[in-house]
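Let's walk through this model together, beginning with one helix and then stepping back to the whole chain.

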Amino acid sequence: MNSHILTLFSIILTIAVYFGATVLSRRVVSPFTTPILTATIVMIGILSSFDISYEQYSSAKEWITSLLGPATVALAVPLYKNREIIMEKLMPAVFGLVIGTLSTILSAVWISKALGLSDTIQATSAVKAVTTPVAIEAVVLIGGDPALAAAFVITSGIFGAVFGPALLTFTNISDPFSRGLGIGTVSHGIGTSQAVAEGPLTGAVSSVAMGASAIITSIILPWVYPLIQL
């Protein structure tokens with residue numbers, strides 16, 4: 001198949017599959033019908049069936065990924081509309097962000113150590129909760145693997161998007177601000193896409209938490225990680 005035709009086919013297929021996944025999530029409400037999860041599984045199955053390699057699909061992936069910039073900027077709209085609420089709760093939110101970010105780093109490394117995993121995996125797991133570009137750069141500072149970090153970040157984001165809202169509901173956390181703060185802190189962009197579906201305030205707070213947790217992680221990680229290893 002011609003490369004241009006394959007790219008166009010892959011783009012259309014990806015959009016169609018994700019659209020179908022969103023329809024399914026509305027009709028069957030369950031953590032396991034979260035669009036990002038079902039769309040990923042279906043796409044892997046289809047690409048494998050057609051014997052399309054990741055390298056062949058990558059051109060379509062790059063085109064779709066280029067839309068992340070405008071999509072991220074678009075999050076500024078609900079952020080601006082809810083700016084008064086966000087500013088009102090800014091101080092407790094900052095405190096929660098710092099504690100949440102630190103907790104994700106500590107828990108990931110300690111669990112890896114308890115399981116007897118290698119030093120490389122321990123270091124790489126420390127950045128699983130931040131967005132991929134930051135994770136790839138930050139993990140180098142503590143001796144982790146950038147490629148593995150990307151995989152950890154994506155996996156963490158999917159798990160957060162799938163189980164995060166359900167866990168928050170189970171623990172009776174219904175406040176949109178709190179839900180957005182929790183999801184954005186530990187599930188970066190993938191979780192934020194699910195938070196946006198819950199409402200404009202949840203999505204706006206999640207987008208702020210996503211960016212802030214990445215900044216906090218990049219600042220404290222080089223200082224905190226060596227202390228964890230003592």
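Along H1, the buried positions are Leu-6, Thr-7, Ser-10, Ile-11, Leu-13, Thr-14, Val-17, Ala-21, Thr-22 and Ser-25. Keep in mind as you look that this is a predicted model. What do the buried residues of H1 pack against? Their partners are helix H2 (35-49) and helix H3 (54-65). H1 itself covers residues 3-27, 25 residues in total. From its first C-alpha to its last, H1 reaches 36 Å, close to the 36 Å expected at 1.5 Å a residue.

Now let your view widen to the whole chain. Its secondary structure consists of twelve helices and zero strands, so the order of elements from the N terminus reads α-α-α-α-α-α-α-α-α-α-α-α. The chain is as compact as a globular protein of its length, because its radius of gyration is 18 Å, close to the 17 Å that the globule rule gives for 230 residues. Measured out along the principal axes, the C-alpha trace spans about 55 × 45 × 30 Å.

How are the contacts spread along the sequence? Take those between residues at least 6 apart in sequence: 64% of them join residues at least 24 apart. As for burial, 40% of the 230 residues in the chain are buried.

Finally, turn to the surface. The chain exposes about 12800 Å², and carbon and sulfur atoms supply 73% of that area. Its charged side chains number 9 positive and 10 negative, and the centres of these two sets lie 11 Å apart.

Conventions
Residues are numbered from 1 along each chain as its sequence is written. This is a predicted model: local features need pLDDT of at least 70, side-chain atom pairs count only at pLDDT 80 or more; totals for chains, interfaces and linings use all residues. Side-chain values use heavy atoms; hydrogens and water are left out. Helices (H or I, at least four residues) and strands (E, at least two) are DSSP runs, numbered from the N terminus. The radius of gyration is taken over C-alpha atoms; the globule rule is 2.2 Å times the number of residues to the power 0.38. Buried means under 20% relative accessible area, exposed over 50%, partly exposed in between (1.4 Å probe, protein chains only). Contact means heavy atoms within 4.5 Å. Accessible areas come from the Shrake-Rupley method with a 1.4 Å probe; for residues, only the protein chains shown count as cover. Lys and Arg count as positive and Asp and Glu as negative; His and the chain ends are not counted. The place of a charge is taken as NZ of Lys, CZ of Arg, CG of Asp or CD of Glu. The expected span of a helix is 1.5 Å times one less than its number of residues.
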